[in-house]
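User: Please examine the structure shown below and answer some questions on its helix packing and its ligand surroundings.

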Amino acid sequence: MPKKTNNSRSHDELANAIRFLSIDAVQKANSGHPGLPMGMADVATVLFTKFLKFDPSNPNWFNRDRFVLSAGHGSMLLYSLLYLTGYKDISIKDIKNFRQLKSKCAGHPEYGHISGIETTTGPLGQGFANSVGMALSERILANAFGKISDHFTYVIASDGDLMEGISHEAASLAGHLKLNKLIVFFDDNGISIDGPVSLANSENTINRFKSYQWNTLSIDGHNTSSIEKAIKSAQKSKRPTLISCKTKIGFGSPNKEGKSSAHGSPLGNDEIKLTRETLNWPNEPFEVPTKILNRWRACSKNGKANFKKWKTYFSKLSDKQKKEFNRRINGKISTEAITALTNFKKDLIKDPISVATRQSSEMVINKISNLIPEFVGGSADLTGSNNTKAKDANIISAPNYKGQYIYYGIREHAMAAIMNGMSLHQGIIPFGGTFLIFADYCKPSIRLSGLMEQRVIYVLTHDSIGLGEDGPTHQPIEQLASLRATPNVNVYRPADTYETVECWQHALITTNTPSVLALTRQKLAPVRTKFSKENLSSFGAYELKNTSKNPLLTIFASGSEVNIAISVMKLMQKDKMSCRIISVPCFELFKKQSLAYQKKIKGKSKINISIEAGVKMGWNDICPVNTHNFSIESFGASAPYEELYKHFGLSAEKIYKQIKKL
Ligand SMILES: Cc1ncc(C[n+]2csc(CCOP(=O)(O)OP(=O)(O)O)c2C)c(N)n1
Ligand SMILES: [Mg+2]
């Protein structure tokens, strides 16, 4: 048999187990990506058998090393590793069911399907940026708990991962923050779907990462001793490390190795037969000889020993520290913080204030920041506009990472994905700000927050034409609708400070859903005048005002437009017409209420209108049929905001005129 590498036979057997599980699973599913698992099997084998600190029988141990397969299309690499190393929640049956309905082995790795999948990957670049968040969380928690948080974050990233814009943002910040426990293997196979990477790329990746202040190494990704040496050296680095691994996609396939044809389709039975011969793997499909499987199963020995050592560190913490650590890791907010917010609501009734809801949000942050040390905020260079920084929050920076605030720089997409990584890591509740219009710059990561059910809080200010003079480039029109259309994302649009407190309170206790807080730039008068212990905003929509038993008109409105609804109501009252106002701070929560509640809120008015300074799409799911929508269906314009509201027909007077016609 031709000898493919100079590695030991014992290594080749372990690596080939990965290769053939991947080849066979893709062939059986008749879909999938064999090229990457075949190419990166050597790197993964060295990492998992000699370095990675993990224990499949205790997979959620907090201080495990994190492993992120950013190139999620190579999912069979990860599934093979998890099966071979003995994770209990994956069996050979699952691998045989690769890509089938309800299989844990989905097309791309999905967080929550199998422990050991640290994040959902597939959209290239996301996993890479998540890993920056994980490595940052690890350092922040090390500052608080010492050696209790002391692990590496390893990543496999492909050409595609590193071409994506998000990788540029995230790598740049990781270098700036000197995240030295982040180690990235770049699968430098020079091939992507369309062919050689050189079709579209001329840059020098090593130099690029050098300029980000990374430690960089270049190795032959099929040579075990080079791989080993590189990892050892990376572990000692004071900066994040990129190990560029020259590999051959589809390694071992006589006709497809090194070609894009190995990327994303089954090799085919004839080619598989030839590959079995070339790599000296005479076993049946899905068969891993017991002695090879046993060697794989033994490789987590180190992890088990490390866990014991960690437990002795943990036992040395004071009872108070242990309790605090467990609270943070379990994601439980201190009750003091929630009580502080309820008390704030009482104060607001006694002393009502007229401020922009972005300022209301800042007040909330100031009230709770000290009470929730794991509450870590930031902004993509709009700190003073998003009002995201608590007065006392220290800035997180190298080398001690003490603090509660991150200057993300103008890197919205990375910020969102880094927050996902921080949340997945556990022990941190991340929130971050930008303008609502730039939700579009973070959207792929917001979507993944929802898909992965992470408590990530997006503080998105300047939420409508109400931002005024900056004009249509900065005025969200379709953003609320597009975020509301995303499954498992709660979009809150509070109408005053009181509602802002309620929305924040609800966002904080909602552990499995990310939250978007859409907040105004402009001042709003208070709309809530009575204290209620119950969080009315958490119903999604509730009756705010009602002037009669059988109101002629019901107005449904959100955020800044609730104040306009109140002005309309006053005009109606002058003309002795009855009116009712429903404040709608969150569509998603309203849709979760009982049908009886929804019916009650929809009411029986003859005339129904909705007011929101954005597209009307979605409002008809909330309002009764035949509701007339006051909305904006075009781009905005640059002018003082009061003029814009008139221009777009959203002033109380103009709306009232229309109502009379109705
Ligand atoms: C954001 C995003 N764009 C496009 C794709 C589709 N896609 C999957 S893999 C890939 C590129 C393949 O090249 P590379 O990343 O080098 O992986 P390799 O072929 O070497 O395994 C593309 C464009 C994707 N998954 N994510
Ligand atoms: Mg490639």
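The exchange below treats a predicted model.

User: At what angle do H5 and H13 pack, and what orientation does that angle give them?

Analyst: Helix H5 (residues 126-145) and helix H13 (residues 319-329) have axes 12 Å apart and pack at about 160°. Angles over 145 degrees count as roughly antiparallel. Therefore H5, relative to H13, is roughly antiparallel.

User: Which residues of H13 make the contact with H5?

Analyst: H5 passes H13 in a right-handed crossing. On the H5 side, the contact is made by Leu141, Ala144 and Phe145. On the H13 side, the contributors are Gln321, Glu324, Phe325 and Arg328.

User: How do H2 and H9 lie relative to each other?

Analyst: The axes of helix H2 (residues 35-51) and helix H9 (residues 224-235) come within 10 Å and cross at roughly 55°. That angle therefore makes H2, with respect to H9, oblique.

User: How many residues in the contact of H2 with H9 are charged?

Analyst: From H2, the contact includes Asp42 and Lys50, and from H9 it includes Glu228 and Lys232. The residues of this contact divide into six nonpolar and two polar, with the charged ones numbering four.

User: Which polar side-chain atom lies 2.6 Å from an oxygen atom of ligand 1?

Analyst: Among the 15 residues around ligand 1, those that come nearest are His73, Ser158, Gly160, Asn189 and His263. A polar side-chain atom of His73 lies 2.8 Å from a ligand 1 oxygen atom, and for Ile191 a backbone N or O atom lies 2.9 Å from one. The 2.6 Å distance to an oxygen atom of ligand 1 belongs to a polar side-chain atom of His263.

Definitions and conventions: Residues are numbered from 1 along each chain as its sequence is written. Chains are lettered from A and ligands numbered from 1 in the order in which they are written. This is a predicted model: local features need pLDDT of at least 70, side-chain atom pairs count only at pLDDT 80 or more; totals for chains, interfaces and linings use all residues. Side-chain values use heavy atoms; hydrogens and water are left out. Axes are lines fitted to C-alpha atoms, for helices over the stretch in contact, and angles run from 0 to 180 degrees between N-to-C directions. Helices (H or I, at least four residues) and strands (E, at least two) are DSSP runs, numbered from the N terminus. Angles under 35 degrees count as roughly parallel, over 145 as roughly antiparallel, 65 to 115 as roughly perpendicular and the rest as oblique. A crossing is left-handed if the near helix is turned anticlockwise from the far one by less than a right angle, and right-handed if clockwise. Contact means heavy atoms within 4.5 Å. A residue is near a molecule or strand if one of its heavy atoms lies within 4 Å of it. A polar contact is a pair of N or O atoms within 3.5 Å; within protein, one must be able to donate a hydrogen and the other to accept it, and residues adjacent in sequence count only if both atoms are side-chain atoms. Ala, Val, Leu, Ile, Met, Phe, Trp, Tyr, Cys and Pro count as nonpolar, Asp, Glu, Lys and Arg as charged, and the others, Gly among them, as polar.
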